[in-house]
Amino acid sequence: MAKAQYGILRFAKYKGPEIGNIEAHNERTKETYASNPDVDLSRSKDNIHLIEPRNKYRSQAEARIKECQCPRVCYNSIRVVETLITASPEFFEGKKKDEIRAYFEHALGFLQSRVAPENFISAVVHMDEKTPHMHVSFVPITQDGHLSAKLILGNRKTLTAWQDRYWKHMVGKYPELERGESASKTGREQIGRAHV
């Protein structure tokens, strides 16, 4: 019996200096990755940018916040939300680079239907680790111009709705993907890893 294949969508929130750390990882600006031995820099040339950053992540985020004149921005406000998108390793077996790219373009389309295009900083597919995956970074600015990861991502119930909508979006094109149990049933912390 074939192993179940899941799409995976995970969110993480960043406030300040750590934004530079995620940028260094995502954009492969370091010479070595001792903390992540899975990174094979000889394959980094195969990584795919679906959205190229125009500046440093934090600079781009601050510029967007200023441009939107977001009220009540504090030093500890969430400035960047990073979305990790991938699938079970089995899903990618035997797929060519253009097929993998199409999968991540389709997944990015889901996020682009929910986040204003001006708020995206970067979307990069890492082909230089064991399982292809994409890091999408965006500034959490609402339609009415507030900087609020909470309003965009919501609570546990809202995150379950995100997962449901993501699965419906992905399974339309990739029917082999299964819906994992929601965090409301499993008790998993959804801002961590969430199967779709």
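The following exercises, each with a worked solution, concern a predicted model.

**Exercise 1. Helix packing**

Determine how H4 and H6 are oriented to each other, and which residues form their contact.

Solution.
Step 1. Helix H4 spans residues 97–112 and helix H6 spans residues 156–173; their axes lie 10 Å apart, at an angle of about 140 degrees.
Step 2. Angles over 145 degrees count as roughly antiparallel and those from 65 to 115 as roughly perpendicular, with oblique as the class for the rest. H4 and H6 are therefore oblique to each other.
Step 3. The crossing of H4 past H6 is right-handed.
Step 4. On the H4 side, the contact comprises Ala102, Tyr103, His106, Ala107, Gly109, Phe110 and Leu111. On the H6 side, Trp162, Arg165, Tyr166, His169, Met170 and Lys173 take part.
Step 5. Sorted by character, the residues of this contact are 8 nonpolar, 3 polar and 2 charged.

**Exercise 2. Aromatic pairs**

Classify the ring pair formed by phenylalanine 11 and tryptophan 162, and state where its two members are located.

Solution.
Step 1. A pair of aromatic rings is described by two quantities, the distance of the centres and the angle of the planes.
Step 2. The model holds 11 aromatic pairs. In one of them, phenylalanine 11 and tryptophan 162 have a centre-to-centre distance of 5.1 Å and 75 degrees between their planes, and the pair is edge-to-face. The cut-off for this class is an angle over 60 degrees.
Step 3. Phenylalanine 11 belongs to strand E1 (residues 5–14) and tryptophan 162 to helix H6; the pair thus links distant parts of the chain, 151 residues apart.
Step 4. Phenylalanine 11 has a relative accessible area of 1% and is buried. Tryptophan 162 is likewise buried, at 1%.

Apply the same reasoning to phenylalanine 91 and phenylalanine 92.

Solution.
Step 1. Their ring centres are 5.2 Å apart and their planes stand at 85 degrees, so this pair is edge-to-face.
Step 2. Phenylalanine 91 is buried, with a relative accessible area of 1%, and phenylalanine 92 also counts as buried, at 6%.
Step 3. Phe91 and Phe92 belong to a cluster linked by ring pairs, together with Tyr103, Phe104 and Tyr174.

**Exercise 3. A charged residue**

Decide whether arginine 64 is buried or exposed, and list its contacts beyond four places in sequence.

Solution.
Step 1. Arginine 64 lies in helix H2, residues 57–68.
Step 2. The relative accessible area of arginine 64 is 13%. Buried means under 20%, so arginine 64 is buried.
Step 3. With neighbours within four places in sequence set aside, arginine 64 contacts Glu118, Asn119, Val139 and Ile141.

Definitions and conventions: Residues are numbered from 1 along each chain as its sequence is written. This is a predicted model: local features need pLDDT of at least 70, side-chain atom pairs count only at pLDDT 80 or more; totals for chains, interfaces and linings use all residues. Side-chain values use heavy atoms; hydrogens and water are left out. Axes are lines fitted to C-alpha atoms, for helices over the stretch in contact, and angles run from 0 to 180 degrees between N-to-C directions. Helices (H or I, at least four residues) and strands (E, at least two) are DSSP runs, numbered from the N terminus. Angles under 35 degrees count as roughly parallel, over 145 as roughly antiparallel, 65 to 115 as roughly perpendicular and the rest as oblique. A crossing is left-handed if the near helix is turned anticlockwise from the far one by less than a right angle, and right-handed if clockwise. Contact means heavy atoms within 4.5 Å. Ala, Val, Leu, Ile, Met, Phe, Trp, Tyr, Cys and Pro count as nonpolar, Asp, Glu, Lys and Arg as charged, and the others, Gly among them, as polar. Rings of Phe, Tyr and Trp (its six-membered ring) pair if their centres lie within 6.5 Å; planes under 30 degrees apart count as stacked, over 60 as edge-to-face and the rest as tilted. Buried means under 20% relative accessible area, exposed over 50%, partly exposed in between (1.4 Å probe, protein chains only).
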